[in-house]
Amino acid sequence: MRNAGSNAAARPLAVAIMGPTASGKTGAALEIARHLRCEIISVDSALVYRGMDIGTAKPTLDERAAVPHHLIDILDPADAYSVMQFRDDALRLVAEITARGALPLLVGGTMLYFKALRDGLDALPQADAALRAELDREAAEHGVPALHARLATIDPDTAARLKPNDSQRIQRALEIFQLTGQPMSQLLAKAPKAELPFSLLPIALEPSDRSVLHARIAERFDTMLAAPGGGLIEEVRQLRARGDLHLGLPSMRCVGYRQAWEYLDGDYDLPTLRDKGIAATRQLAKRQLTWLRSMPDRIALDCLQADVAGQILQRIRMFSEQGE
């Protein structure tokens, strides 16, 4: 991530604390807030949903009472939250927080949100309802992997970064090609970069030993399953009981929720749920690290070290003293 122009010193500072799942982002942010006056902006596409607490590892009510948090519990799981909405909300919140004399901490692992904040939004065409319905019919008839294979022939760069069952993004990429005649990757490459109204200090928490991160992921998923009141399974059972949610919604496609839903459908037993949930979380972490490593100007810190928050504080102070 880059700073917002040559006069960055005159701009207020915001700190991005990015990292894969289970890298300790929330703990580091809370520790920083013990030393600096901060407010936390969640950069997490799952934390926006109410009633999804266990499977998202949502900060506790005590943690949220100790430090102001934003963009948590703002949406019903039946609704969708777009990248454009996030960017608008984040820009507004940074301005409000800095006006209050506090330091905004943008904390999370939804890398697409960080990218949109940093680079701005492209001028891609609006969704076309008729075309989207046609793509939905194709997906139902031939399967989403078939659409992914078609995308690979017209936009291999976009197809390479999408999973073969990522129906929402695959269909969007095909829709853009059919509307414009150009691959989405080319349109994004041509889009002008935005200039932020604040200086952004990008901190990436990355593990020096991937196996330790994997062990953390497994331990955290086990904790979710064993949480009081029935854990993740009971949380998903209650969401299903509403009757208006389904696996086609972004909320229910979140890692852990999809697997618990399929378990409740009888697709597999509890040990298989655990294995699938941990495997999906590890795949998510891998994708998050790939995104991070595509940001050459990030400040990478080893999330396995003892005093990560202290290292971030040092970087914040250095940045403030240097004025760049």
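**View 1. Lys25 and the residues packed around it.** Not counting neighbours within four places in sequence, Lys25 is in contact with Ile17, Met18, Gly19, Pro20, Val107, Gly108, Gly109 and Leu205. This is a predicted model, so read every contact here as a feature of that prediction. Lys25 sits in helix H1, which covers residues 25-32. With a relative accessibility of 11%, Lys25 counts as buried, because the cut-off for buried is under 20%. Look at Gly19 too: its backbone oxygen is 3.3 Å from a polar atom of the Lys25 side chain.

**View 2. The annotated stretch from Gly19 to Thr26.** The unreviewed UniProt entry carries a "binding site" annotation here, and it takes in Gly19, Pro20, Thr21, Ala22, Ser23, Gly24, Lys25 and Thr26. Two residues that Lys25 touches, Gly19 and Pro20, are among the contacts listed for that lysine, and both belong to the annotated set as well. Thr26 is another residue of helix H1. Is Thr26 buried or partly exposed? Its relative accessible area comes out at 32%, so Thr26 is partly exposed. Leaving out residues up to four places away in sequence, Thr26 touches Pro59 and Val107. Val107 also turns up among the contacts of Lys25.

**View 3. Glu39 and its partner His70.** Glu39 belongs to strand S2, residues 38-42. Which side chain makes a polar contact with the side chain of Glu39? That would be His70, at 2.7 Å. Zoom out a little and, residues up to four places away in sequence aside, Glu39 touches Val67, Pro68, His70, Ile97, Arg100, Ala102, Leu103, Pro104 and Leu105. With a relative accessible area of 7%, Glu39 is buried.

**View 4. Leu71 and Asp73 in the loop between S3 and H3.** Leu71 is in the loop that runs between strand S3 (69-70) and helix H3 (83-99), and Asp73 is found in that loop too. Check the backbone angles: phi of Leu71 is near 65 degrees, a positive value in a residue other than glycine. For Asp73, phi is near 60 degrees, again positive and again not in a glycine. What about accessibility? Leu71 is buried at 7% relative accessibility, while Asp73 is partly exposed, with a relative accessible area of 24%.

**View 5. Cys38 and Cys303.** How many disulfides does the structure hold? Zero. Cys38 is buried, at a relative accessible area of 7%. Cys303 is buried as well, with a value of 4%.

**View 6. Stepping back to the whole protein.** The protein has 14 helices and six strands. Its radius of gyration is 20 Å, close to the 20 Å that the globule rule gives for 324 residues, so the protein is as compact as a globular protein of that length. Along the principal axes, the C-alpha trace spans about 60 × 50 × 35 Å. Buried residues account for 47% of the 324 residues. Take the contacts between residues at least 6 apart in sequence: 76% of them join residues at least 24 apart. As for the surface, the protein exposes about 15300 Å², with carbon and sulfur atoms supplying 51% of it.

Notes
Residues numbered from 1 in each chain as written. Predicted model: local features only at pLDDT ≥ 70, side-chain atom pairs only at ≥ 80, totals over all residues. Heavy atoms only, no water. UniProt positions renumbered as here; feature names shortened; annotations may be inferred. Helix = DSSP H or I, 4+ residues; strand = E, 2+ residues; numbered from the N terminus. Buried < 20%, exposed > 50% of the residue type's maximum accessible area, 1.4 Å probe, protein only. Contact = heavy atoms within 4.5 Å. Polar contact = N/O pair within 3.5 Å; in protein donor to acceptor, adjacent residues only side chain to side chain. Rg over C-alpha atoms; globule rule 2.2 N^0.38 Å. Areas by Shrake-Rupley, 256 points an atom, 1.4 Å probe, with all protein chains shown as cover. Disulfide = S-S within 2.5 Å.
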